[in-house]
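Biologist: I'm new to this, so please take me through the structure one step at a time.

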Amino acid sequence: MRLKSSMVLPILALVLLTVTECQASRIQDLPSDTGIRENVDNLPKNEPTIKRLLDGATEEIDKIREGNQINERPMIGIFTQPYNETNDYIMASYVKFVESAGARAVPIVWRDSDEDILDLVQNLNGALFPGGSTALRNEDGSLTEHSRKIELVLNKVKELNDQGVYFPILSICMGFQEIVQSEAPYKDTVELNKFDSMNVANNLTLKYSIEDSKLFSEMPQHLINALQNENITYNHHHDGVYPSALNKYPALREGYYLLGTSYDLNGVEYVAFIESKEYPIWGIQFHPEMNIFIWKPTLEVPHSQVSIDFSQFMANFFVKQSKKNFNKFDSEEEAFDHMIEHIPVELNPLKKHEVYIFPG
Ligand SMILES: *[C@@H]1O[C@H](CO)[C@@H](O)[C@H](O)[C@H]1NC(C)=O
Ligand SMILES: *[C@@H]1O[C@H](CO)[C@@H](O)[C@H](O)[C@H]1NC(C)=O
Ligand SMILES: *[C@@H]1O[C@H](CO)[C@@H](O)[C@H](O)[C@H]1NC(C)=O
């Protein structure tokens, strides 16, 4: 966007210069583009060069304007997780997380066909890969069907971004691990049962310069401080990624910045936060959505004010990214039909949180 804006002045200057020579009196109200357009239309037919120049300028202005526009009705796809053999679920906290920042939640049902999932994604403005407890891979090391569907969407999203469609992904806990194993020969990038980080709040050790990270450069300083100095990140995992695994393979080494790590209860360091170098894709081992929404008494979820502020920053940051995307359904009615509002939400009495349950 910055690059494009820097082109406005030279282009306007060129237009102005060219026009001053021949048609000065016609341009009254530059830099308003309506002014330019009227004057383009009014130009005598025998001035094709000027007309071409002005057309070029207005096109450029349109592009800049589009780049600055904001989609105020974003829809974010959230992947379902297997609930049991027949049913899927989404923890309501993920839904509330995106809704709290002004987005609509749309379930991406992993049991749907590849074709249906890809069709849906092309109408959405962002995707959230949530945590869960289903298997990451099969005994023989191949991807489970759930992980394969995540990979399908990951690749589609990269393709969209390559085509100039800005499409963000936020991946959390297992969703983050699914991305890491998709980006490399997965057997030795995500370690199973190697970490003792169940039900514990940690701090973050920053590993990358704040100004160079898209996310950290927008984060208020007091939240960066709290992340490092207070234990505000809630962890609930025994699988994880060693920092060294990110250096093993080019797709991870060249594709992602390691933003931060944390230490498990045995002092073992694990990857806590990554950011794609090329794409608006983030991966987080901890649970930024839980601070605001999860209240099971036996869980050590931090609810301090600064941890709430951090959660809200993360939700706002992610949803803001999705507002740069202009994908949409054919109609608002069709969009409404896909919203999660149609799915029943119920309390899981054991886990003491709400879940959306999808019929099998
Ligand atoms: C799966 O869970 C749903 C919702 O609680 C339940 O209705 C269904 O009977 C369960 N199916 C199996 C095979 O356990
Ligand atoms: C941050 O975490 C490290 C590793 O667990 C720990 O040694 C350090 O004391 C923590 N810092 C604070 C301020 O809690
Ligand atoms: C954060 O947790 C670490 C490890 O459990 C602990 O050593 C440290 O004292 C905690 N820091 C604060 C500020 O509570």
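Modeller: Some vocabulary to start: Ala, Val, Leu, Ile, Met, Phe, Trp, Tyr, Cys and Pro count as nonpolar, Asp, Glu, Lys and Arg as charged, and the others, Gly among them, as polar. This is a predicted model, where local features need pLDDT of at least 70 and side-chain atom pairs count only at pLDDT 80 or more, while totals for chains, interfaces and linings use all residues. Residues are numbered from 1 along each chain as its sequence is written, and chains are lettered from A and ligands numbered from 1 in the order in which they are written.

Biologist: How many residues of the shell around ligand 1 are charged?

Modeller: The shell takes in residues whose C-beta atom, placed from the backbone, lies within 6 Å of the ligand. Those are Y83, N84, E85, T86, N87 and I357. Two of them are nonpolar and three polar, and the number of charged ones is one.

Biologist: Which strands are the edge strands of the sheet β2-β3-β14-β13?

Modeller: Strands are DSSP runs of E, at least two residues long, and helices are runs of H or I, at least four, numbered from the N terminus. Two strands pair if DSSP finds at least two bridges between them. This four-stranded sheet is open and antiparallel. The strands that pair on one side only are β2 (81–82) and β13 (345–348).

Biologist: What is the bridge partner of N348 in β14?

Modeller: β13 and β14 (residues 353–358) run antiparallel and are joined by four bridges. In β14, the partner of N348 is H353.

Biologist: And in β6, what is the bridge partner of F129?

Modeller: Now we're in an open, mixed sheet of eight strands, β4-β1-β5-β6-β12-β11-β10-β8. There, β5 (residues 126–129) and β6 (residues 169–172) pair in the parallel sense over three bridges. The partner of F129 is S171.

Biologist: Why is helix α7 said to be largely enclosed, and how many of its nine residues are buried?

Modeller: A residue is buried if 20 or more other C-beta atoms lie within 10 Å of its own, exposed if 12 or fewer, and partly exposed in between, with C-beta atoms placed from the backbone. The cover over the buried residues of α7 includes β1 (75–79), α6 (145–162) and β12 (281–284). Among those buried residues are M174, F176 and I179. Helix α7 (residues 174–182) is largely enclosed by the rest of the structure because, of its nine residues, the number buried is eight.

Key: Two residues are in contact if their C-beta atoms, placed from the backbone, lie within 7 Å.
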